[in-house]
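Reader: I am in my first year and would like a close look at one part of this protein, the place where its domains meet. Could you take me through that part slowly?

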Amino acid sequence: MTRIFSGIQPSGELHIGNYLGAVKNWVALQQRFESFYCIVDYHAITVEYEPAALRERTRDMAISILASGVDPARSILFVQSSVPEHTELAWIFNSVAPLGELERQTQFKDKSSRQESIAVGLLTYPVLQAADILLYKADLVPVGEDQLQHLELSREVARKWNARFSPATPFFPEPKAEVTPTARVMGLDGSAKMSKSLGNTVGLLEEPAAIWEKLKPAVTDPARVRRTDPGTPEVCNIYHLHKAFSPPETVRHVAVQCSTAGWGCIDCKKVLHESMTAELAPVRERAKEIRASPIAVDTALRSGAERARTVARDTIREVKERMGFGS
Ligand code: SF4
């Protein structure tokens with residue numbers, strides 16, 4: 001069975017950007033693939049953070065993922081730091097990862113330019129990412145377009161390690177990208193990717209009234225100055241959210257109503273709000289039930305980590321054998 005690996009930062013409760021950009025897709029993919037889903041807490045420590053908040057954010061992320069429909073009986077859901085083989089393989093990969101490529105990574109250049117003191121982990125982050133994926137010999141990695149460069153680095157690390165230590169038969173497969181539909185969800189300001197640090201998000205578990213308060217002032221097509229001005233749906237973030245949450249016939253209707261000025265933007269947002277409520281209400285209810293049963297979360301994560309470790313230990317044993325470790 002084809003195996004996939006995907007990781008998500010422990011950023012607390014999901015917002016609809018990372019729900020649509022990653023986790024909703026995970027729920028669909030777990031039907032077709034052997035799925036490893038990892039909350040990558042080691043990746044979260046390359047920038048300033050609060051230890052107590054990290055624990056809470058990791059737990060909140062696990063609750064959001066389970067409430068979204070990732071089934072721990074079907075998928076392997078675990079926290080990265082529970083499987084120490086991730087960092088062991090990352091160190092090993094440091095010996096083949098090309099420094100020049102790491103320095104050229106867009107995310108490194110972007111994040112390091114905003115910091116006075118740059119941690120080495122910010123530079124070697126993609127090496128740990130390569131270890132995350134290759135530890136499970138994943139065939140496919142669901143990614144957004146902005147992650148393609150990191151995945152290419154994982155492929156290069158696999159090639160270099162194979163060439164050096166397993167030249168006859170490649171030990172690590174070169175993972176391929178499964179580009180996520182709705183990969184890039186814009187924030188309600190319509191100008192930047194939805195992100196907690198930019199304060200432009202809608203929380204997955206927010207109550208309908210709170211979501212409506214955020215939708216009302218959300219930016220739309222600037223050409224719709226007056227109610228009678230026709231718009232271009234494709235340039236409007238609200239239309240793209242309709243594509244993610246509303247049924248296809250509603251999306252077609254929105255496009256017609258927008259381009260003929262049949263609806264005003266508030267009418268359009270009301271319909272989007274109904275679609276969002278229909279999809280998110282059951283997720284919110286499940287999250288409440290899961291939160292009320294902390295043991296269920298612990299059990300799911302512990303069992304996921306045990307299953308992941310079984311695979312991870314085998315990989316590390318074979319890697320060490322090929323590299324000449326042991327007596
Ligand atoms: Fe956007 Fe809808 Fe307004 Fe058109 S009618 S600009 S799609 S909010």
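Author: One term is needed before we begin: a polar contact is a pair of N or O atoms within 3.5 Å, where, within protein, one atom must be able to donate a hydrogen and the other to accept it, and where residues adjacent in sequence count only if both atoms are side-chain atoms. In this model, which is predicted, four residue pairs are in polar contact between domain 1 and domain 2. The domain assignment gives domain 1 as 3-185 + 294-323, while domain 2 is given as 205-288. Their C-alpha centres are 33 Å apart, and the contact draws on 13 residues from domain 1 and ten residues from domain 2.

The size of an interface is often expressed as the accessible area that is lost when the parts come together. Here the two domains bury about 860 Å² between them, with 66% of it on carbon and sulfur atoms. On the side of domain 1, the residues that lose the most area to domain 2 are I16, Y19 and A67, which together account for 46% of what that side buries.

Charged groups also meet here, for one salt bridge is found across the interface of domain 1 and domain 2. K24 forms a salt bridge with E279, and their closest N and O atoms are 3.1 Å apart.

Turning to the elements, α1 (16-29) and α2 (51-68) are those that give two or more residues to the side of domain 1 touching domain 2, and α2 supplies the largest share, five residues. By residue type, that side divides into seven nonpolar, four polar and two charged residues.

Notes: Residues numbered from 1 in each chain as written. Predicted model: local features only at pLDDT ≥ 70, side-chain atom pairs only at ≥ 80, totals over all residues. Heavy atoms only, no water. Domains from an automatic or database assignment. Contact = heavy atoms within 4.5 Å. Buried area = accessible area lost by both parts, 1.4 Å probe. Salt bridge = Lys/Arg side-chain N within 4 Å of Asp/Glu carboxyl O. Helix = DSSP H or I, 4+ residues; strand = E, 2+ residues; numbered from the N terminus. Nonpolar A, V, L, I, M, F, W, Y, C, P; charged D, E, K, R; others polar.
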